[in-house]
Structures are given as C-alpha cells and as structure tokens.
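Work through the following exercises with the sequence and the coordinates open side by side. Each task is followed by a solution that proceeds step by step.

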Amino acid sequence: MYWRLNRIQYPVYNLGPGVRIGIWVQGCSLGCKGCISQTLWTKRNGKNVNIAYLVNQIAEVQDCFDGITITGGEPFEQYEALIAFSAFIKKKTKLNIYVFSGFTLKELIEMYPDRLFMRYLDYLLDGRYMQEKHDNQNARGSTNQNLYRFIDGQPILQDELFSSSKWSLYISKEKQVFMTGIPKSTDLENITKELEKVGIKMRFL
Ligand code: SF4
C-alpha cells in the first residue's frame, strides 16, 4: 500500500513529546483561512511512499526516537494508509504516534465508526485552524483545538499541551526552506527577517 506524502523530516523536537520523526502527508480539502501549509492542499504534489518499506526503515532507527508525528495536509483523508502505517508501527516498534488533524474527534468518530484510529494512535490534536483564535503557545494552531490521548481505545482529554518555544528550519537540496513547529503570530515575520540577514529571500509557496 502507498501513502501520498510531502516529506519526512527528522529529528523533530517541537511537534509532540521528545525527539520525533515528522511525516507530512500531502492533500487537505478543509481550506482553513490563514493555513500556513497551503502547498500541502493539492494531491498533485508529493510522492507515493510504500508503507511497508517506510515502516521497516523506521524500525531500524527507532532507538534514536521517542515517537512519530503525522501532520500535513490532512492525515485522515488517507485513512486506510494512516491505519495501515500506524498498525505496522505498533507491531514493529515502541514508538508513540501523535497526529494533527483538522477534523474534530466527534467528526472522526462519525466518519470512521470502526474507531481503529483510537486503537493505533496515541495522541490526537483535533479541529480546524481558526485564524481569529490563533494560539501563541507553540503547541497548537488555535485555541479551539484539543489534545486527546488514547488509552485502551478511549479518548482522554489532556489538560497539558506539549508546548515548545522552539521552531526549526530545514533547507532542502532544492533550496526550499521548511519551518517545523507551530509559529506564534509574529514568528513568520521574524523568520523572514532573519533569513534576509543571511541573504535568503523568503517566498511563501
Ligand atoms: S486542516 Fe491543517 S492543512 Fe488543512 S487547511 Fe486546515 S490548517 Fe491547513
């Protein structure tokens, strides 16, 4: 089975607990106003990745990481791939799985009554990004979003979020700059200014 992904990046320190492998899925139809990941909306970008191959690669390096964070894009719009990947990871590794979704938990339960995601995922940060409710804690996009932990297939609402004051930049061979983390409202402006100081002009795709 194949999964349409934008990129895989590691180590990631600011999207969930501990040191993580980040997976960005390609494709999202939710169209939140102010989304900073609009290049991930179309399914035309990205590439198909073989899930069995990816899981085997991750299993070989699992000792270096605490978990995997899946974001995007909208992970639940490729539900079968998400469940297959997560089930394989649970079978072959001890890594926890943290997923960012634009759907609310209530919507996901209605959309996927098999509730398999509640068995294979460890954390879910749910809900659309709402620009007018932008959160400045580096832990979630907006304050309407909630973090759940799944224990024995049941969702437990978490009081504490995994906040981080850090964000990081990754520059690809194609000279594209990717920001990892959840920015405060002024962060993108600051990143742009800092990069300009070293001669890199930002152009948001
Ligand atoms: S769900 Fe996420 S990726 Fe999709 S539009 Fe909203 S913020 Fe952007």
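**Exercise 1.** In this predicted model, determine which residues of the largest nonpolar core touch the most other members, and which element supplies the largest share of this core.

*Solution.* The largest nonpolar core holds 35 residues, and those touching the most other members are Trp 3, Ile 68, Ile 70, Phe 76, Phe 85 and Phe 117. Sorting this core by element then shows that helix 2 gives the largest share, with 7 residues. A second core, separate from this one, has 10 residues, among them Leu 15, Tyr 98, Tyr 123 and Leu 147. As a further step, list the contacts of Trp 3 while leaving aside neighbours within four places in sequence: the partners include Ile 23, Val 25, Ile 70, Leu 82 and Phe 85.

**Exercise 2.** Establish how strand 4 is placed, starting from the burial of its residues and going on to the strands with which it pairs.

*Solution.* Strand 4 covers residues 67-71, and because 5 of the 5 residues are buried, the strand is largely enclosed by the rest of the structure. Looking at the directions of the side chains, Gly 67, Thr 69 and Thr 71 point one way, whereas Ile 68 and Ile 70 point the other way, and all are buried. Turning to the pairing, strand 2 (residues 20-25) runs parallel to strand 4 and is joined to it by 5 bridges, with Ile 23 having Ile 70 as its bridge partner. Strand 5 (residues 96-100) also pairs with strand 4 in the parallel sense, over 4 bridges, and here Ile 70 stands opposite Val 99. Finally, tracing the chain from strand 4 through helix 2 (residues 79-92) to strand 5 gives a right-handed β-α-β unit.

**Exercise 3.** Find the salt bridges in the whole structure, and describe the settings of the pairs Asp 122 with Lys 90 and Glu 194 with Lys 197.

*Solution.* The search of the whole structure returns 6 salt bridges. In one of them, Asp 122 meets Lys 90 with the closest N and O atoms 2.6 Å apart; since Asp 122 lies in the loop between helix 4 and strand 6 and Lys 90 lies in helix 2, the pair ties together parts that are 32 residues apart in sequence. Asp 122 is buried at 16% relative accessibility, while Lys 90 is partly exposed at 31%. The side chains of Glu 194 and Lys 197 meet at 3.1 Å, N to O, and both residues lie in helix 5, 3 residues apart, about one turn of the helix. Glu 194 is partly exposed at 46%, and Lys 197 counts as exposed at 64%.

Terms used. Residues numbered from 1 in each chain as written. Predicted model: local features only at pLDDT ≥ 70, side-chain atom pairs only at ≥ 80, totals over all residues. Heavy atoms only, no water. Buried < 20%, exposed > 50% of the residue type's maximum accessible area, 1.4 Å probe, protein only. Helix = DSSP H or I, 4+ residues; strand = E, 2+ residues; numbered from the N terminus. Pairing = 2+ DSSP bridges. Right-handed = clockwise from strand over helix to strand, strands pointing away. Core = buried A, V, L, I, M, F, W, Y, C linked by side-chain atoms within 4.5 Å. Contact = heavy atoms within 4.5 Å. Salt bridge = Lys/Arg side-chain N within 4 Å of Asp/Glu carboxyl O.
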